[in-house]
Amino acid sequence: MATLYHVPTSRSLRVLWTLEEIGATVEVKSLGVRPRLQEPEYLTINPAGTLPALIDGDRAIYESLAICEYLAARHGSDLVVAPDEPERPEFVQWLLYGEATLQAPLSAIARVRRIRNKTPEMQTGIDAVLADARHSLSMRAKLLEQRLEGRDFLVAGRMTLADISVGYPLNHMGKPDFASLLGPRATAYRERLLARPAFQRAAAVP
Ligand SMILES: N[C@@H](CCC(=O)N[C@@H](CS)C(=O)NCC(=O)O)C(=O)O
């Protein structure tokens with residue numbers, strides 16, 4: 001059985017959510033803390049120190065969405081939009097959008113806030129970086145809002161990995177300082193995704 005390295009609220013949530021949607025299981029090793037500094041043993045699994053990681057026999061996969069795609073495809077799940085389906089290009093676009101475009105400014109904000117707390121003398125410059133990342137995030141949320149017009153899901157008229165990809169940053173965007181950046185369609189979409197029993201079960205994994 002494959003092993004998933006997990007930290008609650010990290011991107012391993014995408015993998016657990018995918019598994020819950022398809023009714024599959026893996027062995028879950030929960031690290032409990034962010035691994036980079038605190039768990040040097042994890043660096044022998046993933047020298048980059050990032051979560052998640054999936055080990056399946058001789059195979060190791062370290063990108064959350066690559067792990068989701070690997071597991072869903074292996075189980076023949078329709079969470080993957082197949083190459084011969086008409087909306088395959090849109091599927092790939094939104095699959096990547098969740099991580100590379102929506103999550104990127106959120107991650108930058110989290111990282112810069114950590115630095116800000118340690119370097120009060122750099123407040124002005126850091127505040128400018130935070131404002132810039134927040135502006136990017138607000139612009140990027142507008143494309144999502146537009147895409148959701150007349151749609152319950154991002155592509156193919158059904159729940160896919162694209163929704164799980166985008167659902168991860170949207171989960172974090174429920175915090176009061178980000179929620180105002182989401183339009184009404186994205187807000188309702190976020191609520192629908194997070195209400196899914198599969199998401200609820202995944203989010204409850206310690
Ligand atoms: N693109 C990667 C990003 C992985 C990533 O940055 N994970 C975060 C946790 S959500 C992490 O491990 N951060 C700790 C660090 O950067 O050292 C993915 O989707 O898996």
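In the predicted model, a polar side-chain atom of Glu 99 lies 2.9 Å from a nitrogen atom of the ligand. Taken alone, the ligand exposes 510 Å², of which the protein buries 85%. A second acidic side chain takes part as well, since a polar side-chain atom of Glu 63 is placed 2.7 Å from a nitrogen atom of the ligand. At an oxygen atom of the ligand, an N or O atom in the side chain of Arg 111 is found at 3.4 Å. The ligand is surrounded by 15 residues, and those that come nearest are Arg 11, Leu 51, Glu 63, Ser 64 and Glu 99.

Glu 99 is also one of the buried residues of helix α4, an element that covers residues 88-118 and comprises 31 residues. From the first C-alpha to the last, α4 reaches 45 Å, which is close to the 45 Å expected at 1.5 Å a residue. The helix nevertheless carries a kink of about 50 degrees at Gln 103, shortly before the proline Pro 105. Both Gln 103 and Pro 105 belong to the buried set of α4, which further includes Phe 91, Trp 94, Leu 95, Tyr 97, Gly 98, Leu 102, Leu 106, Ile 109 and Val 112. An α-helix has 3.6 residues a turn, so residues three or four places apart point the same way. The partners against which the buried residues of α4 pack are the helices α1 (12-22), α3 (64-74), α5 (123-147), α6 (161-172) and α7 (176-179).

Leu 96, likewise found in helix α4, counts as partly exposed because its relative accessibility is 49%, between the limits of 20% and 50%. The C-alpha atom of Leu 96 is separated by 16 Å from that of Ala 82, a residue 14 places away along the chain.

Strand β1, which spans residues 3-6, contains His 6. With a relative accessibility of 1%, His 6 falls under the 20% limit and is therefore counted as buried. The side chain of His 6 makes a polar contact of 2.7 Å with the side chain of Ser 12. When neighbours within four places in sequence are left aside, the contacts of His 6 comprise Ser 12, Leu 16, Val 28, Lys 29, Ser 30, Leu 31, Gly 32, Leu 51, Val 205 and Pro 206. Leu 51 thus recurs in this description, being in contact with His 6 and also among the residues that come nearest to the ligand.

Leu 51 also precedes a cis peptide bond, the one leading to Pro 52, with omega near 0 degrees. Pro 52 itself lies in the loop between α2 (35-38) and β3 (53-56).

Unusual backbone geometry is also recorded elsewhere. Thr 9, although not a glycine, has a positive phi of about 70 degrees, and its position is in the loop between β1 and α1. The relative accessibility of Thr 9 is 48%, and this residue therefore counts as partly exposed. A positive phi of about 65 degrees is likewise found at Ala 156, which is not a glycine either. Ala 156 is placed in the loop between α5 and α6, and its relative accessible area of 28% is the reason why it counts as partly exposed.

Methods:
Residues numbered from 1 in each chain as written. Predicted model: local features only at pLDDT ≥ 70, side-chain atom pairs only at ≥ 80, totals over all residues. Heavy atoms only, no water. Helix = DSSP H or I, 4+ residues; strand = E, 2+ residues; numbered from the N terminus. Expected span 1.5 Å × (residues − 1). Bend = angle between axes of the 7 residues up to and from the residue. Buried < 20%, exposed > 50% of the residue type's maximum accessible area, 1.4 Å probe, protein only. Contact = heavy atoms within 4.5 Å. Near = heavy atom within 4 Å. Polar contact = N/O pair within 3.5 Å; in protein donor to acceptor, adjacent residues only side chain to side chain. Areas by Shrake-Rupley, 256 points an atom, 1.4 Å probe, with all protein chains shown as cover.
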